Structure formats: structure tokens, C-alpha cells
Amino acid sequence: MSAALDLSADVLTLTRALVDTPSVSGTEEPLADAVEAALRGLGGLEVERVGDAVLARTGLGRPTRVVLAGHLDTVPIADNVPSRVEDGRLYGCGTSDMKSGDAVMLRLAGRFGVPGAEPAHDLTFVFYDNEEVEAVKNGLGRVARERRGWLYGDLAILLEPTDGEIEAGCQGTLRAVLEVPGRRAHSARSWLGDNAIHGAAGILATLAGYAAREVEIDGCTYREGLNAVRIEGGVAGNVIPDACAVTVNFRYAPDRDEDAAEAHVREVFAAAVAAGATLTVVDNAGGALPGLSEPAAAAFVAAVGRPARAKLGWTDVARFAAFGIPAVNYGPGDPQLAHTREEHVAVDRLQPAEDALVAYLSTPPTEEPG
């Protein structure tokens, strides 16, 4: 039985309630139940459930619609639940990524999702599951396939951790596996074999010497990176290994699409492939351009009052960008603390994030959507 959520509680209390309801990827159902019940209880929202994703929206006939989205799941708990407040910080799994953002969303729903509320825009709230695991399970992807109309709007705001700054667009991310062949032999007679782990040395040297590209788009600087994230090889303590696999991750600027990113990785490792390695792309998700020239996005940047910066990492803004909807990341959490054992959010970041969004959503647009 999930605990009830009180959307009239302050944002700190609501964040704690979310953190204290564990929701590691794949186990979001109790939290999704609580979110659904709270939203249905407001009386001014159309609410729909798609698996463990909860959708809610107003239908006020406004000329513009803003979509607010956040994932309910967290990485595995690291002895950091229940939450605790210490020295002006709220500690706990998901405090930064991204239950503080979810709490802000719920506060906005509690304010604008009741009968008689007068937001300047129609609003859609999307709380979804399985963001922290492989893309095929992503709840927002499922909503895009099964309820795409729920995601349309003039601007999408993902309350991912940005430390209270606007982070525009996002990088693309590609993972590839380079497999190096060898020949087994007894380690006492190593010259009779071909050590596959040694054969990976050229791949590692290429990675160590890789010069990352920096790209400026709409005033936002995206820095690329190509790194080994896993290496596997070895048979036994007395066997020359006949196989070694190096997994690499390419974080690429959004001016490259998926095909261009793959072509670049294959070019970087052309010598290794020519020497006998095989390269297999196992995952490739394109990024999102900033889109800051779009009127709705520009208005949000102006409302927050600080320039946007590049999002270094992949987020679901890319899904909205694929539909032609400008999208930004904006949340109270600190991205550098995401997934850490000491994860926390500064308490003094919570209310300002809510206040900025309330101000923006209460202000009528200055021009019609394009």
C-alpha cells in the first residue's frame, strides 16, 4: 500500500515523501500509484495511466501548452534511504536525480490542476518509469509510442537536475564494443599463443590520445568525449586469453546525428578494425539541439533570468526534439551528485525552482506559438 502524497505540503516535505517511497527502476508501481491518486484528487486534471507512467493535463483552451516531465525511478539505493536533512542539505537516493524535480512538478499540479485555476498555458504533467535503465524500457518512450498526443506542446521542460540553471538540448550517446581476437596457449609457453588483451593496447592508446571536439550552438558549448567504460578478457591464471572486448562510450554534440556519430567512431578505430578487431554498435541515441530561438524556449530563458548552458549528458529532451518540440532541462538537483552514495539536494534550491516555474506558467505568452 503506497503512502498518500499531500500536494499542499511544501516542496521540501514533498521531496522527502517521494524519496522515502523507494522506486528503483522496475519497482515504481507504489510511487506511481501514489502520484496517480494525488493527481486524480485535484479535480481539475484529465489523468491517464500507461503502465507505471502517470499522465495528467489541463484542458482550458489556452493558445499554448507546456509539457512538464520527470522520471519516478532511481538507481539502486546505496544505504541512503530514508532521507535526512543535515546542514541545509536533503540527503537520500533520488534527492537530486530527480525526486526534487518531481516534487516541484507535483506542487505545480497542486496549484494549477484544481478547478478555477488560471495558468497562462495549458499544462501537461508526465511522470514516467524506467529512465535509469536501458532505453527499450523507458516509460517516456512507451508513452511516445502509445499516447503520443499527450506529449505535444509548445515547450517541454524536463525537471532533470541542473542546479537551478537552464540546460539546453543534450548530447547524443553511443556505445560500441570492440572485440579483439587472439589464440589460447599455456602461459608458460606464451609464444605459442596470441594474447588478445595485449592486442587491445592500440585501442586503449587511441582512446588515451583522443582529442575531444567542442562545439558552440546557440551560445551553448558542447564538449564531446570518447572513453573506454568496460574491458573484458581472460580465461584463467595460466592461460593466454583468446578474446578481449573493450566497450567504448561516445558522447557527441547534437550537431551530429546517429549515423554521423557511428561513422566517426568507425573512423577513429579504423586501424584497429583493419588489424582484425570487430566493432559493433550496441546502443545509439541521438541528442537534441538547444532550440533556444523558438519563442517558447526564449521566453522561458527570459523568465528565469539567466543564460542557458549546454546539457552535458543525454536526457529525454531528445524525444521531444524528435517531435519538433523545443525542450529544456531545468531542475533544483545538482547533476554532479546524481547516482552517488552521498546524493543530496540543497534545500535552498527547492523553492526558487518552484517559484520560477510558477511565474513563467502564470505569465501569458507575448506572441502566438509558431
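Me: Ground rule first: on a 1 Å grid over the protein atoms alone, a pocket is an open set of points where a 1.4 Å probe fits, with protein on both sides within 12 Å along at least five of seven lines. How much space lies in the largest pocket?

Reply: About 750 Å³, counted as the space filled by probe spheres set on the points. This is a predicted model: local features need pLDDT of at least 70, side-chain atom pairs count only at pLDDT 80 or more, and totals for chains, interfaces and linings use all residues. Residues are numbered from 1 along each chain as its sequence is written, and side-chain values use heavy atoms, with hydrogens and water left out.

Me: Which residues lie nearest the centre of that pocket?

Reply: E131, E132, R251, W314 and H339. They belong to a lining of 26 residues, each with an atom within 4 Å of a point.

Me: Which elements give two or more residues to the lining?

Reply: Strands β9 (172–181), β15 (243–252) and β16 (278–285). β16 gives the most, with 3 residues. Strands here are DSSP E runs of at least two residues, and helices are H or I runs of at least four.

Me: And what's the lining made of, by class?

Reply: 10 charged, 9 nonpolar and 7 polar residues. Gly counts as polar in that scheme.

Me: Those three strands, β9, β15 and β16: which sheet are they in?

Reply: An open sheet of 4 strands, ordered β13-β15-β9-β16 and paired antiparallel. β13 (225–233) and β16 sit at the edges, each pairing on one side only. On average, neighbouring strands are turned by 20° against each other, direction ignored. Pairing takes at least two DSSP bridges between two strands.

Me: How many bridges join β9 to β15?

Reply: 10. L178 stands opposite V246 in β15 there. On its other side, β9 is joined to β16 by 7 bridges, and T173 has A285 as its bridge partner.

Me: What about β13 to β15, how many bridges?

Reply: 8, and the two strands run antiparallel. E232 stands opposite A245 in β15.

Me: Is β15 mostly covered or mostly open?

Reply: Mostly covered: 8 of its 10 residues are buried, meaning under 20% relative accessible area with a 1.4 Å probe.

Me: Which helix lies across β9, β13, β15 and β16?

Reply: α7 (residues 258–268), running at about 150° to β16. Angles run from 0 to 180 degrees between N-to-C directions, using axes fitted to C-alpha atoms.

Me: Switching to I203. Which helix is that in?

Reply: α6, residues 201–208.

Me: Buried or exposed?

Reply: I203 is buried, at a relative accessible area of 2%.

Me: What does I203 touch?

Reply: L178, V180, V246, F269 and A272, leaving out residues up to four places away in sequence. Contact means heavy atoms within 4.5 Å. L178 and V246 are the opposite pair from β9 and β15.

Me: How far is I203 from A168?

Reply: 33 Å in space, C-alpha to C-alpha, and 35 residues in sequence.

Me: Last topic: the sheet of 8 strands. What's the order?

Reply: β1-β2-β6-β3-β7-β18-β8-β17, open, with mixed pairing. The edges are β1 (46–50) and β17 (309–310).

Me: Which helix packs on this sheet?

Reply: α9 (residues 295–304), touching β7 (155–158), β8 (166–168) and β18 (327–330). Its direction makes about 45° with that of β7.

Me: And β1 to β2, how many bridges?

Reply: 5, antiparallel, with β2 covering residues 53–57. V47 has A56 as its bridge partner.

How values were computed: Buried < 20%, exposed > 50% of the residue type's maximum accessible area, 1.4 Å probe, protein only.
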